[in-house]
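This report describes a few local features, working from a glycine and a helix outward to helix contacts and a sheet. Please keep the structure in view while reading.

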Amino acid sequence: MKEHAVVVAGGGPTGMMLAAELALAGVDVAIVERRAGQELPGARAGGLHSRTIEVLDQRGIAERFLSQGQVAQVQSFGGSRLDISDFPTRHPYGLGLWQNQIEHILAGWVEELAVPTYRGRDVTGFAQRDTGVEVALSDGQSLHAEYLAGCDGGRSLVRKEAGIEFPGWDPTTSALIAEAELAEEPELGIRRDDRGIHSFGRLEYEIRDGEIVFADEGPIRIMVTESQPGHGGEPTLGDLSEALIAVYGTDYGIHSPTWISRFTDMTRQAASYRAGRVLLAGDAAHVHSPVGGQGLNTGVQDAVNLGWKLSQVVNRTSPASLLDTYDAERHPVAARVLQNTMAQTALNRPADTRLEALRDTISGLVAIDEPRRHLAGMLSGLDIHYDLGEGHPLLGRRMPDLDLVTANGALRAFALLHDARGVLLNLGEPWAFDASPWSDRALAVDAAYEGEWELPVMGQVAAPPAVLIRPDGYVAWVGDGTDAGLREALTTWFGPR
Ligand SMILES: Cc1cc2nc3c(=O)[nH]c(=O)nc-3n(C[C@H](O)[C@H](O)[C@H](O)COP(=O)(O)OP(=O)(O)OC[C@H]3O[C@@H](n4cnc5c(N)ncnc54)[C@H](O)[C@@H]3O)c2cc1C
């Protein structure tokens, strides 16, 4: 039986990000992926939000995505556009990039990090013991691991086999999405009517002055709301034609689909993200309507929260209890995503005078600065605040990507996070604190920073003399000019010494 420290079930965006984070920390990790290649049968996520771009920037790979996508103000809430160009981040925008491309870039990175992927086979079950997990594969092989991470999507076998409840709400609406040829050219763009929201577009597009401009030719991408929430069977060309005729009065001579699929607003979240040696991340842990484009983003950020913690546990630098902070921090983040997607689904319900009045009210509210910042902070992920106790506003929030000056020259704060280690950043007077016992997990850096400290949504905060930054970019300790509490923080997050 082959051994790995961690087996990741599922090589979608979450599984690949998690595997990369583990590999950066020197963990022997392998992915098991059902698909024989990385191709996705169908369109899914259409891009990345600001905090996800930052998280990729923290690892030095944001440019790979930015160079292939289209930067734009993509955020909206219930149909009202939310501009974040004034947010204090290097990436005050979203990135339009299809999930297929996102996965290809991540797969390239995972390959560079030499993560083995068992392709074309399923995880079919597992047995959990005190010392590890025996993972059964559909080709008859078994793998032994200390931990199994279920990143196997919304229908997660790992979640089910671990007996983790998945409470939530059944779908109230469903839509068919497809890519196909049409004999007659439809009007491209979004249509809202008393059946819901529908659209025609093209795979290739450009964003000009904030507006999508589709290519002149190529297959058409279709989204059409169904009159009844779908019942789970595989949708057919006949279903698509019927739904188009119900909405547009014609199916435009639709033929030759490359794929047809269905999404719903089913909203569920795993009751727990951990059962002993089994962990869940991404869609395996939470599913919701795609409105607002937050699913992939939440999964990638789950992976970045879990990766360094799991690596420290398997590398024996931290106790297994560190893993409990993963559920404690990430469960509330996804619960909030579930809530905002349900609110947006309600706002997007078919045209109705009273709902239009509510949409108008929301659109009036987001024209005011504070509600706009509140909603945009939430959808972009820039306002995420892990509850690490009382103290300086930076505590539990993302470290800004400051322009620092060190003895070795100028550098961006995010550059210090490229190898997924923590950073103890001293911006004040030299101090006597000896952080060397943790030097393998947290790099001590003396630096100067001249500018202001500004956080998204919150605004300006007092400049701290020192901060301890976790590998995921969140601030775990803020100095007050002394080293009070630093030893405890280093022990909590990087293990006892
Ligand atoms: C129409 C639509 C539009 C969307 N738009 C957006 C958007 O704009 N932005 C956004 O952030 N999100 C969006 N999403 C959601 C996004 O696609 C998902 O949240 C994202 O794919 C989750 O990634 P994941 O890696 O957790 O799961 P998945 O992408 O589902 O990956 C799971 C992987 O596990 C594999 N697998 C499954 N079972 C097994 C098994 N037993 N053994 C081995 N392998 C297995 C699968 O083949 C797959 O590769 C959209 C989704 C839909 C349907």
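## A glycine after helix α2

Gly-60, which lies just after α2, takes a positive phi of about 80°. The model is a predicted one, and the value given for this glycine, like those that follow, is computed from it.

The helix that comes before this glycine, α2, spans residues 50-58 and is mostly covered, with nine of its nine residues buried. The buried residues include the charged side chains Arg-51, Glu-54 and Asp-57, and alongside them are Ser-50, Thr-52, Ile-53, Val-55, Leu-56 and Gln-58.

## Helix α2 against helix α7

Which helix has an axis that comes within 9 Å of the axis of α2? The partner is α7, residues 295-314, and the two axes cross at roughly 35°, in a crossing that is left-handed.

On the α2 side the contact is made by Arg-51, Thr-52 and Val-55, which meet Asn-297, Val-300, Gln-301 and Val-304 of α7. Sorted by class, the residues of this contact comprise three nonpolar, three polar and one charged. Arg-51, Thr-52 and Val-55 are also listed among the buried residues of α2. As background to such spacings, an α-helix has 3.6 residues a turn, so residues three or four places apart point the same way.

## Helix α1 against helix α4

A second helix pair is formed by α1, residues 13-24, and α4, residues 99-112, whose axes come within 10 Å and cross at roughly 20°. Because angles under 35 degrees count as roughly parallel, α1 and α4 are described as roughly parallel to each other. The crossing of α1 and α4 is left-handed.

From α1, the contact draws on Pro-13, Met-16, Met-17, Ala-20, Glu-21 and Leu-24, while α4 contributes Gln-99, Glu-103, Leu-106, Ala-107, Trp-109 and Val-110. Taken by class, the residues of the contact between α1 and α4 divide into nine nonpolar, one polar and two charged.

## The three-stranded sheet

Three strands form an open sheet, in which the order is β3-β7-β4 and the pairing is antiparallel. Its edge strands are β3 (47-48) and β4 (70-72), each of which pairs on one side only.

Between β3 and β7, the latter covering residues 94-96, the antiparallel pairing runs over two bridges. Which residue of β7 is the bridge partner of Gly-47? That partner is Gly-96.

Key: Residues numbered from 1 in each chain as written. Predicted model: local features only at pLDDT ≥ 70, side-chain atom pairs only at ≥ 80, totals over all residues. Heavy atoms only, no water. Pairing = 2+ DSSP bridges. Helix = DSSP H or I, 4+ residues; strand = E, 2+ residues; numbered from the N terminus. Axes fitted to C-alpha atoms, helices over the stretch in contact; angles between N-to-C directions. Parallel < 35°, antiparallel > 145°, perpendicular 65-115°, else oblique. Left-handed = near helix turned anticlockwise from the far one by under 90°. Contact = heavy atoms within 4.5 Å. Buried < 20%, exposed > 50% of the residue type's maximum accessible area, 1.4 Å probe, protein only.
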